[in-house]
Amino acid sequence: MQNMIKNVTTLLLFYTSILGLAQTSPINSKYNTELDLLAAEGQKIINATLSQDRKKANEIFNSNLKKLIKEDDSILLDLRRVSNLMQVTNEDKTLRVLTWALLDANNTYQYFGFIQRITKNQEYFWTELVDQSAQISDPEKQELTAVNWFGCLYYDMITINNGLKDIHTLVGWDGNNSMSHKKIIENLYFGRDDSVRFGSPIIREAKNAYLYRKIFEFSGDLKMTLDIQKTPKVRIVYDHLSPDNPSLKGVYEYYGPDLSFDAYEWGGRFWDYVADIDMDQNLEKKEKDFEVKDRDTIQSKNLFTPLKGQ
């Protein structure tokens with residue numbers, strides 16, 4: 001589902017200056033009632049004990065957020081008070097991706113999202129994302145769309161250009177289930193008709209081996225680093241995962257970090273795989289990072305907070 005709102009020729013003129021004061025700006029004040037409602041329902045999505053209460057809160061949240069997104073100045077809003085909502089933006093603030101999660105009674109997650117974008121023609125588009133990850137086969141090797149989205153919570157983004165088009169590479173987290181979690185490298189771009197496209201074969205694993213997106217799966221008891229670094233190299237750094245016993249190869253709920261790190265480095269056309277990289281000090285692993293943690297359960301109500309390195 002993609003919708004184009006009216007031309008916003010004047011919007012970019014004050015976009016950057018407003019963002020700095022967004023929490024107290026006239027834009028946020030204009031929608032204060034709507035933001036309060038979203039914040040309250042968002043807390044219910046996270047904290048309600050019963051799955052039916054979380055589902056009802058999510059329906060209210062989704063409906064009201066969609067009404068807000070339809071407003072052409074909503075891309076200016078600071079949404080940080082809506083604590084269940086993840087938002088990532090590109091450097092010039094003309095693209096924002098919003099995602100959130102709903103935990104069901106079986107300890108699995110369903111994801112929801114919207115994309116907001118101002119085009120080069122200064123037109124405002126918004127697109128709703130529909131999570132179909134449970135129905136997508138071989139997701140690393142196909143292009144997807146807004147209505148056929150491999151859902152997750154995005155927590156960082158970098159825009160690169162491969163000589164043909166701008167591609168927005170995102171990193172995200174998927175709670176998957178009580179046994180395993182996932183981290184995802186996704187590539188987002190826009191077609192000539194401004195349609196949303198997920199996946200581009202620019203992740204090069206080896207010669208003549210390309211992926212549209214990369215999905216890592218690992219034990220739900222452990223953490224995995226997956227971070228975008230912009231200096232001194234543009235690269236995506238991550239924990240190398242391996243099973244705790246060679247006999248468990250392919251049984252991903254037993255996979256975890258093995259104290260080595262790999263990366264995908266941007267080479268101008270592809271994200272090229274590099275094994276066993278040297279890490280900066282701030283990403284060195286400590287023993288406590290490998291301690292077993294309590295699983296995210298309905299009882300604990302610990303919805304993932306996607307900080308870097310988590």
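P232 lies in the loop that runs between strand β14 (226-229) and strand β15 (235-243), and the peptide bond leading into P232 from T231 is cis, with omega near -5°. This structure is a predicted model, and the points below describe its backbone exceptions, two of its helices and its nonpolar cores.

**Backbone exceptions**

- Most residues other than glycine have a negative phi, and most peptide bonds are trans.
- Besides the cis bond from T231 to P232, there is N107, which has a positive phi of about 65° although N107 is not a glycine.
- N107 is found in the loop between β3 and β4, and this residue counts as buried because its relative accessibility is 13%, below the 20% limit for that class.
- D138 likewise is not a glycine and yet has a positive phi, of about 50°, and D138 sits in the loop between β5 and β6 (144-145).
- With a relative accessible area of 48%, D138 is partly exposed.

**Helix α3**

- Helix α3 covers residues 32-47, and at 1.5 Å a residue its 16 residues should span 22 Å, which agrees with the 22 Å between its end C-alpha atoms.
- The buried residues in α3 are L35, L38, A39, E41, G42, I45 and I46, and the elements against which they pack are α2 (26-30), α4 (51-69) and β3 (95-103).

**Helix α4**

- The 19 residues of α4 should span 27 Å at 1.5 Å a residue, and the 26 Å between the end C-alpha atoms of the helix agrees with this expectation.
- Buried in α4 are R54, A57, N58, F61, N62, L65, L68 and I69; seen down the axis of α4, these buried residues fall within an arc of 140°, so they line one face of the helix.
- The face turned away from that buried side carries the exposed residues Q52, K55, K56 and K67.
- On the buried side, the residues of α4 pack against α3 and also against the strands β3, β4 (109-118) and β5 (123-130).

**Nonpolar cores**

- In soluble globular proteins, nonpolar side chains tend to be buried together.
- The largest nonpolar core in this model has 50 residues, and those with the most contacts inside it are I115, L188, F198 and W271.
- Strand β7 (residues 153-161) contributes the largest share of this core, namely six residues.
- A second core, separate from that one, has 24 residues, among them Y31, L76, L79 and Y124.

Technical notes: Residues numbered from 1 in each chain as written. Predicted model: local features only at pLDDT ≥ 70, side-chain atom pairs only at ≥ 80, totals over all residues. Heavy atoms only, no water. Helix = DSSP H or I, 4+ residues; strand = E, 2+ residues; numbered from the N terminus. Expected span 1.5 Å × (residues − 1). Buried < 20%, exposed > 50% of the residue type's maximum accessible area, 1.4 Å probe, protein only. Contact = heavy atoms within 4.5 Å. Core = buried A, V, L, I, M, F, W, Y, C linked by side-chain atoms within 4.5 Å. Arc of directions from axis to C-beta.
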